[in-house]
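User: Please take a close look at one part of this model and describe how it is put together. Here are the sequence and structure.
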Amino acid sequence: MSVILQPQSSFPIVRQISNHLDATVYYVRAVVRNADGDTIDTVNLTSQGSQRYQSRYRVPVDSSGQGAYISIITSVYTDSGYTTKSDNYGDEENTYLVFDRVSGSRGGGSGGGKGGSVGLRGP
């Protein structure tokens with residue numbers, strides 16, 4: 001099951017270091033890719049304490065109006081220049097569906113008020 005993200009909403013990208021006993025300071029970066037694998041954004045996450053890293057991300061627009069998948073891969077680095085990945089933690093990838101739940105839910109039936117139907121998509 002995919003999580004559905006609303007376009008242009010603020011979405012938290014989070015990575016929790018799995019070993020709660022590891023007190024090392026890490027640097028975590030997220031790479032956002034489209035369904036073709038092209039990088040569309042890179043986000044450096046900020047330490048929240050307790051080995052939790054997070055940053056708010058503005059979800060991209062789905063220009064097709066039909067929904068689009070993105071994947072977010074988080075990587076853990078040992079340096080602030082994001083050049084050396086940690087030997088202790090692998091990359092983690094999650095896939096999300098970007099879909100306008102508000103406009104997409106208005107795509108059928110007849111409109112009711114002034115001006116006719118709202119939100120209908122043409123051919």
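In strand β7, which residue is the bridge partner of serine 71?

Analyst: In this predicted model, the bridge partner of serine 71 in β7 is threonine 95. That pair belongs to the contact between strand β6 (residues 68-77) and β7, where 7 bridges join the two strands in an antiparallel arrangement. Strands of a sheet pair through backbone hydrogen bonds, either parallel or antiparallel.

Strand β7 also pairs with β1, and here the two run parallel, joined by 3 bridges. Within that pairing, isoleucine 4 has leucine 97 of β7 as its bridge partner.

These pairings are part of an open sheet of 7 strands, in the order β1-β7-β6-β3-β4-β5-β2, with mixed pairing. At the edges lie β1 (3-5) and β2, each of which pairs on one side only. On average, neighbouring strands of the sheet are turned by 35° against each other, direction ignored. Further along the order, strand β3 (residues 27-34) pairs with strand β4 (residues 39-49) in the antiparallel sense, over 6 bridges. One of the residues involved is valine 32, whose bridge partner in β4 is aspartate 41.

Back at β7, side chains add a further link. The structure holds 2 salt bridges. In one of them, glutamate 92 meets arginine 15, with an N to O distance of 3.6 Å. This salt bridge ties together distant parts of the chain, since glutamate 92 sits in strand β7 (residues 92-98) and arginine 15 in strand β2 (residues 10-16), 77 residues apart. The two partners differ in their surroundings: arginine 15 counts as buried because its relative accessibility is 3%, under the 20% limit. Glutamate 92 has a relative accessible area of 38%, so it is classed as partly exposed.

The other salt bridge joins aspartate 91 to lysine 85, and the closest N and O atoms are 2.9 Å apart. Here both ends are partly exposed: the relative accessible area is 42% for aspartate 91 and 40% for lysine 85.

Two loop residues deserve a note on backbone geometry. Glutamine 8 is not a glycine, yet it has a positive phi of about 65°. This residue lies in the loop between β1 and β2, and glutamine 8 is partly exposed, with a relative accessible area of 39%. Glutamine 51 likewise has a positive phi without being a glycine, at about 60°. It is found in the loop between β4 and β5 (52-58). Glutamine 51 counts as buried, because its relative accessibility of 13% is under 20%.

As for confidence, the protein chain has an average pLDDT of 86, and 82% of the residues score at least 70. Residues 108-123 are another matter: pLDDT stays under 50 throughout that stretch, for which the model has 16 contacts beyond four places in sequence.

To return to the part you asked about, β7 is joined to β6 by 7 antiparallel bridges, among them the one between serine 71 and threonine 95. Strand β7 is joined to β1 by 3 bridges in the parallel sense, and its glutamate 92 reaches arginine 15 of β2 through a salt bridge.

Note on methods:
Residues are numbered from 1 along each chain as its sequence is written. This is a predicted model: local features need pLDDT of at least 70, side-chain atom pairs count only at pLDDT 80 or more; totals for chains, interfaces and linings use all residues. Side-chain values use heavy atoms; hydrogens and water are left out. A salt bridge is a side-chain nitrogen of Lys or Arg within 4 Å of a carboxyl oxygen of Asp or Glu. Helices (H or I, at least four residues) and strands (E, at least two) are DSSP runs, numbered from the N terminus. Buried means under 20% relative accessible area, exposed over 50%, partly exposed in between (1.4 Å probe, protein chains only). pLDDT is the predictor's confidence in each residue, from 0 to 100. Contact means heavy atoms within 4.5 Å. Two strands pair if DSSP finds at least two bridges between them. Axes are lines fitted to C-alpha atoms, for helices over the stretch in contact, and angles run from 0 to 180 degrees between N-to-C directions.
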